[in-house]
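Student: Please take one part of this protein and look at it closely with me. I would like to follow it step by step, in plain terms.

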Amino acid sequence: MTIRNWIKFFFNALWIGGLVTAIIGLIVRWAFFSSYLQSGEIWQFLGALLWMVFLGFTMSVVAQMGFFAYLTVHQFGVNIFRTLTLWNWVQLLIIIIVLFDLIFFRFRLTSEDTGRSLLYLTLLASLVIVSGITAYLKAKWTKKHTLISALFFMIVITTLEWLPALMVSSGNIDTWVTILLFPLLAVNAYQILALPKYNTMSDVDKAKLDERRAARRKEAKAATSK
């Protein structure tokens, strides 16, 4: 990918993270934001909303770091296991382990708090459904064998990026766990689906650059031969 296209890719992902976090933050913390509106404190409301946007920017950067780390891990995996088929089976196994860990260890579901259990099961369903749709579109738009890799990235890597929030156990952490999941999902879905487009654009840009360089060399050669 060329620098120019990477910058476009970076800032598009950045704004997606900020926008999604602001929207989800408004929904989940509406009682907090509405108190500013009811008391006429518009600047405080805008300041709190802007803070949510910057939080989304941070989540976007985390997601982008995770994405490029995964590209490296994926290449290592293919090289270590020799075939993509075997690597896909390994990825499926890791997906199952991660989902098992989320349900039985990270979420800490109990029958005593059905409201919290329902919230976390909804978040799990969101993770799996968005990941499944993204992986399906990735396989449909590119190649079928990318289905498992896309599913692995969306579930496993997103969970790793989400893990710091899940490990905190104080205050209104359930609210922040909810808010932070969706920008990670949105940015990761964007990255894995949009990357081929930016790679193609980069190939076109490189081809045009090579043509210009060839034309300049030809002109320079013609000028020296006169």
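Tutor: Start with residues 12-33, a span that is 95% helix and 0% strand, with its end C-alpha atoms 26 Å apart. This is a predicted model, so every value here is computed from it. The span 12-33 is one of those that an unreviewed UniProt entry annotates as "transmembrane region"; the others in that entry are 45-73, 85-105, 117-137, 149-169 and 175-193. Inside the span 12-33, the charged end of R29 sits over the ring of F32, 4.3 Å from the ring centre.

Now compare another annotated span. Residues 117-137 are 100% helix and 0% strand, and their end C-alpha atoms lie 30 Å apart. The helix here is α5, which runs over residues 114-141. Its 28 residues should span 40 Å at 1.5 Å a residue, and the end C-alpha atoms are indeed 40 Å apart, so the two values agree. Among the buried residues of α5 are R116, Y120, L123, L124, L127 and K138.

Helix α4, residues 84-106, can be treated in the same way. It has 23 residues and reaches 30 Å from its first C-alpha to its last, close to the expected 33 Å. Its buried residues are W87, N88, V90, Q91, I95, V98 and L102. What covers them includes α3, α5 and α6. An α-helix has 3.6 residues a turn, so residues three or four places apart point the same way.

The two sides of α4 are worth a look. Before it, in the loop between α3 and α4, lies R82. The phi of R82 is near 70 degrees, a positive value in a residue other than glycine. R82 counts as exposed because its relative accessibility is 73%, and the cut-off is over 50%. Just after α4, R108 takes a positive phi of about 50 degrees. Most residues other than glycine have a negative phi.

Next, the aromatic rings. Rings count as a pair if their centres lie within 6.5 Å, and by this rule there are 22 aromatic pairs. In one of them, the rings of W51 and W176 have centres 5.7 Å apart and planes at 75 degrees; planes over 60 degrees apart count as edge-to-face, so this pair is edge-to-face. The pair links distant parts of the chain, with W51 in helix α3 and W176 in helix α7, 125 residues apart. W176 is buried, with a relative accessible area of 18%, whereas W51 is partly exposed at 48%.

Ring pairs also join F9, F67, F68, Y70, F81, W87, F152, F153, Y190 and Y198 into a cluster. W87 in this cluster is also one of the buried residues of α4. Over the face of Y198 lies K197, at 5.6 Å from the ring centre. F153 touches G66, F67, Y70, T158, N188, Q191 and I192, leaving out residues up to four places away in sequence.

F153 leads to the last item. The largest nonpolar core has 53 residues, and F153 is among those with the most contacts inside it, along with F107, W162, L166 and V177. Helices α1, α3, α4, α5, α6 and α7 each supply at least two residues of this core. The largest share, 15 residues, comes from α7.

Technical notes: Residues numbered from 1 in each chain as written. Predicted model: local features only at pLDDT ≥ 70, side-chain atom pairs only at ≥ 80, totals over all residues. Heavy atoms only, no water. Phe/Tyr/Trp six-rings, centres within 6.5 Å; stacked < 30°, edge-to-face > 60°. Helix = DSSP H or I, 4+ residues; strand = E, 2+ residues; numbered from the N terminus. Buried < 20%, exposed > 50% of the residue type's maximum accessible area, 1.4 Å probe, protein only. Lys NZ or Arg CZ within 6 Å of the ring centre and 35° of its normal. Expected span 1.5 Å × (residues − 1). Contact = heavy atoms within 4.5 Å. UniProt positions renumbered as here; feature names shortened; annotations may be inferred. Core = buried A, V, L, I, M, F, W, Y, C linked by side-chain atoms within 4.5 Å.
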